[in-house]
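Visitor: I am new to this structure and would like a close look at a single part of it. Could you take me slowly through one region and then show how that region sits within the rest?

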Amino acid sequence: MYPDGTLIKYLFWMVIGVMQVLIWQSIGVWARQFNENLKWWQQLLFYGCFASFCIVVFAGFTLKGEYEGNAGWYMIGFFGSLHLIALGVLIRLFIMKKSENNKDAATN
């Protein structure tokens, strides 16, 4: 990734790991702001989708670094957009769903 760097590549991967841990820990907190409690398997779905999105981005930039720039950008564009759509669906299904009280109030 960084051909002449000795320390920067390790710092980069440590920052990526810290970001993933923060995202994993904050999904439940974010859901509680919408008065939703996520089960462990729902959090696992969110993290799995986020982790696979990270893998797509890393693989795309690896292709770009190996002088396959168009393939890398197409990979990020196609598979990355599919992951973002999947994350949006998960957010809609598990976090921003309408509660039963709001449905009852809307019908009355």
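**A close look at the middle of the chain**

Guide: Let us begin with a single residue, Gln-42, which counts as buried because its relative accessibility is 7%, under the 20% that sets the limit for buried residues. The model is a predicted one. Gln-42 has its place in helix α2, and, once residues up to four places away in sequence are set aside, Gln-42 touches Asn-37 and Phe-94. With that starting point we can look at the helix around this residue and at its partners.

The chain as a whole has four helices and zero strands, and, read along the sequence, it follows the pattern α-α-α-α. Of its 108 residues, 22% are buried. Among contacts between residues at least 6 apart in sequence, 54% join residues at least 24 apart.

On one side of our region is the pairing of helix α1, residues 8-33, with helix α2, residues 40-65, which pack at an angle of about 155° with their axes 10 Å apart. Because angles over 145 degrees count as roughly antiparallel, α1 is roughly antiparallel to α2. The crossing of these two helices, α1 and α2, is right-handed. On the side of α1, the contact is made by Trp-13, Ile-16, Gln-20, Ile-23, Trp-24, Ile-27 and Gly-28, while α2 brings Gln-43, Leu-44, Phe-46, Tyr-47, Phe-50, Cys-54 and Phe-58. Sorted by kind, the residues of this contact of α1 with α2 come to eleven nonpolar, three polar and no charged.

Helix α2 also packs with helix α3, residues 69-94, at an angle of about 170° and with the axes 8 Å apart. The angle therefore makes α2 roughly antiparallel to α3. In the contact of α2 with α3, the residues divide into 22 nonpolar, seven polar and one charged.

The three helices also share a nonpolar core, the largest in the model, which has nine residues in all: Ile-27, Ala-31, Leu-38, Phe-46, Cys-49, Leu-87, Leu-90, Phe-94 and Ile-95. Each of α1, α2 and α3 supplies at least two residues of this core, and α3 gives the most, with three residues. Phe-94, which is one of the core residues, is also one of the residues that Gln-42 touches.

Two members of the core show how α2 and α3 meet. Leu-87 has its place in helix α3 and counts as buried because its relative accessibility is 16%. Leaving out residues up to four places away in sequence, Leu-87 touches Phe-46, Cys-49 and Phe-50. From Leu-87 to Phe-50 there are 37 residues in sequence, yet their C-alpha atoms are 7.6 Å apart in space. Cys-49, with the same residues up to four places away left out, touches His-83, Ala-86, Leu-87 and Leu-90.

The loop between α1 and α2 holds two residues that make a useful contrast, Asn-35 and Glu-36. Asn-35 counts as exposed because its relative accessibility is 73%, whereas Glu-36, at 13% relative accessibility, counts as buried. Leaving aside neighbours within four places in sequence, Glu-36 is in contact with Ala-31, Phe-94, Ile-95 and Lys-97, and of these Ala-31, Phe-94 and Ile-95 are listed in the nonpolar core. Glu-36 and Met-96 are 60 residues apart in sequence but 8.4 Å apart in space, counted from C-alpha to C-alpha.

The backbone of the loops deserves a last look. Most residues other than glycine have a negative phi. Asn-35, although it is not a glycine, has a positive phi of about 60°. Tyr-67, in the loop between α2 and α3, likewise has a positive phi of about 60° without being a glycine. Tyr-67 is exposed, with a relative accessible area of 76%.

To draw the region together, the buried Gln-42 belongs to helix α2, and α2 is roughly antiparallel to α1 and roughly antiparallel to α3.

Technical notes. Residues are numbered from 1 along each chain as its sequence is written. This is a predicted model: local features need pLDDT of at least 70, side-chain atom pairs count only at pLDDT 80 or more; totals for chains, interfaces and linings use all residues. Side-chain values use heavy atoms; hydrogens and water are left out. Axes are lines fitted to C-alpha atoms, for helices over the stretch in contact, and angles run from 0 to 180 degrees between N-to-C directions. Angles under 35 degrees count as roughly parallel, over 145 as roughly antiparallel, 65 to 115 as roughly perpendicular and the rest as oblique. A crossing is left-handed if the near helix is turned anticlockwise from the far one by less than a right angle, and right-handed if clockwise. Contact means heavy atoms within 4.5 Å. Ala, Val, Leu, Ile, Met, Phe, Trp, Tyr, Cys and Pro count as nonpolar, Asp, Glu, Lys and Arg as charged, and the others, Gly among them, as polar. Buried means under 20% relative accessible area, exposed over 50%, partly exposed in between (1.4 Å probe, protein chains only). A nonpolar core is a set of buried Ala, Val, Leu, Ile, Met, Phe, Trp, Tyr and Cys residues joined through side-chain atoms within 4.5 Å.
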